[in-house]
Amino acid sequence: MSWVGSWRNQFGSILRIISETEGRIEGTFETALEDSGFYGQTVQVTGFHRGDCIGFVAVGTSATGDRVVSYTGLLRHGKMETAWFLVADQALTAASEGDPAKLKPLNWWRAVTTNVDSFERI
């Protein structure tokens with residue numbers, strides 16, 4: 001089974017894997033979600049695969065700071081089923097309603113978001 005190719009998740013985001021040499025994944029990711037810190041960027045992806053298991057990571061920056069996202073998953077029934085973890089360095093926060101928001105470093109417990117995505121080959 002080859003991982004090389006374009007994959008789309010349920011939200012329309014695109015993962016392009018261009019190389020899988022010696023178990024290493026290389027490619028790009030473009031999110032379709034306008035509320036993502038990665039929106040409007042093509043970020044580099046690197047990772048590893050073995051059999052039906054895959055893991056890859058991307059880093060980027062946005063108006064609200066640096067971030068890293070990692071995906072870990074399995075190929076099942078032609079779909080890449082993944083769990084992902086996003087860690088964001090900062091967030092825009094206002095002291096109270098009506099106050100201007102300012103960038104503030106996030107505490108560890110607030111910095112992590114996790115969810116799942118299903119990618120299909122396109």
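Biologist: Which residue takes a positive phi in the hairpin of β4 and β5, and how many residues stand between the strands?

Modeller: This is a predicted model, so read everything here as computed. In the hairpin of β4 and β5, two residues stand between the strands, and Gly 51 has a positive phi near 55°. The two strands pair in the antiparallel sense, over five bridges. To follow the pairing across, start from Gly 47, which stands opposite Phe 56 in β5.

Biologist: Which strand pairs with β4 over six bridges, and in which sense?

Modeller: That is β3, and the sense is antiparallel. A position to check is Gly 27, which stands opposite Val 45 in β4.

Biologist: How do I read the side chains along a strand?

Modeller: In a regular strand the side chains alternate between the two faces of the sheet. Strand β4 is a case to follow by eye. Val 43, Val 45, Gly 47 and His 49 point to one face and are buried. Gln 44, Thr 46, Phe 48 and Arg 50 point to the other face and are not buried.

Biologist: Where do these strands fit in the whole protein?

Modeller: The protein has one helix and 10 strands. Read from the N terminus, the order is β-β-β-β-β-β-β-β-β-α-β. The C-alpha atoms fill a box of roughly 55 × 25 × 20 Å along the principal axes. Of the 122 residues, 30% count as buried.

Biologist: How many salt bridges does a search of the whole structure find?

Modeller: A salt bridge is called when a side-chain nitrogen of Lys or Arg comes within 4 Å of a carboxyl oxygen of Asp or Glu. The search finds three. One of them joins the side chains of Arg 16 and Glu 30, at 2.8 Å from N to O. Arg 16 lies in strand β2 (residues 14-19) and Glu 30 in strand β3 (residues 24-30), so this pair ties together parts that are 14 residues apart in sequence.

Biologist: Are Arg 16 and Glu 30 buried, exposed or in between, and what are the values?

Modeller: Arg 16 is partly exposed, at 32% relative accessibility. Glu 30 is partly exposed as well, with a relative accessible area of 30%.

Biologist: Which residue forms a salt bridge with Glu 26?

Modeller: Arg 24 is the partner, and the closest N and O atoms are 2.7 Å apart. Glu 26 counts as partly exposed at 26% relative accessibility. Arg 24 is partly exposed too, at 37%.

Biologist: Which residue is the salt-bridge partner of Arg 76?

Modeller: Asp 52 is the partner, with the closest N and O atoms 3.7 Å apart. Arg 76 lies in strand β6 (residues 65-76), and Asp 52 is in the loop between β4 (43-50) and β5 (53-62), so the pair ties together parts 24 residues apart in sequence. Both ends are partly exposed: Arg 76 has 39% relative accessibility, and Asp 52 has a relative accessible area of 35%.

Biologist: Is Leu 75 buried or exposed?

Modeller: The cut-off for buried is under 20% relative accessible area. Leu 75 is at 11%, so this residue is buried. Leu 75 lies in strand β6. Leaving aside neighbours within four places in sequence, Leu 75 is in contact with Met 1, Trp 3, Trp 7, Asp 52 and Met 80. Asp 52 is also the salt-bridge partner of Arg 76.

Biologist: How far apart are Leu 75 and Ser 62 in sequence and in space?

Modeller: They are 13 residues apart in sequence and 31 Å apart in space, C-alpha to C-alpha.

Biologist: What of Val 59: buried or exposed?

Modeller: Exposed means over 50%. Val 59 is at 56% relative accessibility, so this residue counts as exposed. Val 59 is found in strand β5. Not counting residues up to four places away in sequence, Val 59 touches Phe 38, Val 43, Gln 44, Arg 67 and Val 68. Two of these belong to the alternation in β4: Val 43 points to the buried face, and Gln 44 to the other.

Biologist: How far is Val 59 from Glu 26?

Modeller: Their C-alpha atoms are separated by 13 Å, and the two residues are 33 residues apart along the chain.

How values were computed. Residues numbered from 1 in each chain as written. Predicted model: local features only at pLDDT ≥ 70, side-chain atom pairs only at ≥ 80, totals over all residues. Heavy atoms only, no water. Helix = DSSP H or I, 4+ residues; strand = E, 2+ residues; numbered from the N terminus. Buried < 20%, exposed > 50% of the residue type's maximum accessible area, 1.4 Å probe, protein only. Pairing = 2+ DSSP bridges. Contact = heavy atoms within 4.5 Å.
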